[in-house]
Amino acid sequence: MKKIICKVEYDTENAELVQKFTSGELGDPAGYEESLYVTEAGKFFLYTNGGADSIYPEENIKRMSAAKADEWKAAH
């Protein structure tokens with residue numbers, strides 16, 4: 001997925017996957033995944049996607065500070 005936020009492109013195809021968290025089983029309508037990525041420029045972002053009944057019913061990208069990325073990694 002690719003998304004432009006504040007004139008910066010965040011692209012899961014061109015960034016490095018740092019860590020992934022999955023909740024639920026494949027096909028679970030309440031299941032979801034969160035994937036933390038870092039760009040070549042050192043910018044972090046969280047890719048989210050899930051089933052229709054999950055907290056992420058549509059795929060999305062949210063930018064994160066390095067501090068927030070560290071907090072996310074520690075929690076997952």
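These are my notebook entries on salt bridges, two serines and aromatic pairs in a predicted model.

**Entry 1: salt bridges**

I began with the charged side chains, since side chains of opposite charge can pair when their charged atoms come close. My search over the whole structure returned three salt bridges.

I looked up Lys-20 and Glu-33, whose side chains meet in a salt bridge with an N to O distance of 3.6 Å. Lys-20 belongs to strand S3, which covers residues 16–23, and Glu-33 to strand S4, which covers residues 32–38, so this pair ties together parts that are 13 residues apart in sequence. I then checked accessibility for both partners: Lys-20 is partly exposed at a relative accessible area of 47%, and Glu-33 is also partly exposed, with a value of 23%.

I turned next to helix H1, residues 66–75, where Glu-71 and Lys-68 are three residues apart and therefore separated by about one helical turn. Their salt bridge has its closest N and O atoms 3.8 Å apart, which I note falls inside the cut-off of 4 Å. Glu-71 is partly exposed, with a relative accessibility of 49%, and Lys-68 is partly exposed with 47%.

Lys-73 and Asp-70 are likewise three residues apart in helix H1, with about one helical turn between them, and here the closest N and O atoms of the salt bridge lie 3.4 Å apart. For Lys-73 I recorded a relative accessible area of 29%, which makes the residue partly exposed, while Asp-70, at 44%, is partly exposed as well.

**Entry 2: two serines**

Which residues does Ser-35 contact, once its neighbours within four places in sequence are left aside? I found Leu-17, Gln-19, Lys-20, Phe-45, Leu-46 and Tyr-47, so Lys-20, the salt-bridge partner of Glu-33, appears among the contacts of Ser-35 as well. Ser-35 sits in strand S4 and is buried, its relative accessible area being 1%.

Is Ser-23 buried or partly exposed? With a relative accessible area of 25%, Ser-23 is partly exposed, because buried requires a value under 20%. This serine is placed in strand S3, and its contacts, again without neighbours within four places in sequence, are Gly-31 and Tyr-32. I also took the C-alpha separation between Ser-23 and Gly-50, which comes to 9.0 Å for two residues 27 apart along the chain.

**Entry 3: aromatic pairs**

For the rings I kept two quantities, as a pair of aromatic rings is described by the distance of the centres and the angle of the planes. The count came to four aromatic pairs.

The ring centres of Tyr-32 and Tyr-56 are 5.4 Å apart and the planes stand at 70 degrees, so I entered this pair as edge-to-face. Tyr-32 lies in strand S4, whereas Tyr-56 lies in the loop between strand S5 (44–50) and strand S6 (60–64), so the pair ties together parts that are 24 residues apart in sequence. Tyr-32, which is also a contact of Ser-23, counts as buried with a relative accessible area of 19%.

The rings of Tyr-37 and Phe-45 have centres 5.2 Å apart and planes at 10 degrees, so I entered that pair as stacked. Tyr-37 is buried at 12% relative accessibility, and Phe-45, which I had already listed as a contact of Ser-35, is buried at 0%. I closed the entry with the aromatic cluster formed by Tyr-10, Tyr-37 and Phe-45.

Key
Residues are numbered from 1 along each chain as its sequence is written. This is a predicted model: local features need pLDDT of at least 70, side-chain atom pairs count only at pLDDT 80 or more; totals for chains, interfaces and linings use all residues. Side-chain values use heavy atoms; hydrogens and water are left out. Helices (H or I, at least four residues) and strands (E, at least two) are DSSP runs, numbered from the N terminus. Buried means under 20% relative accessible area, exposed over 50%, partly exposed in between (1.4 Å probe, protein chains only). Contact means heavy atoms within 4.5 Å. Rings of Phe, Tyr and Trp (its six-membered ring) pair if their centres lie within 6.5 Å; planes under 30 degrees apart count as stacked, over 60 as edge-to-face and the rest as tilted.
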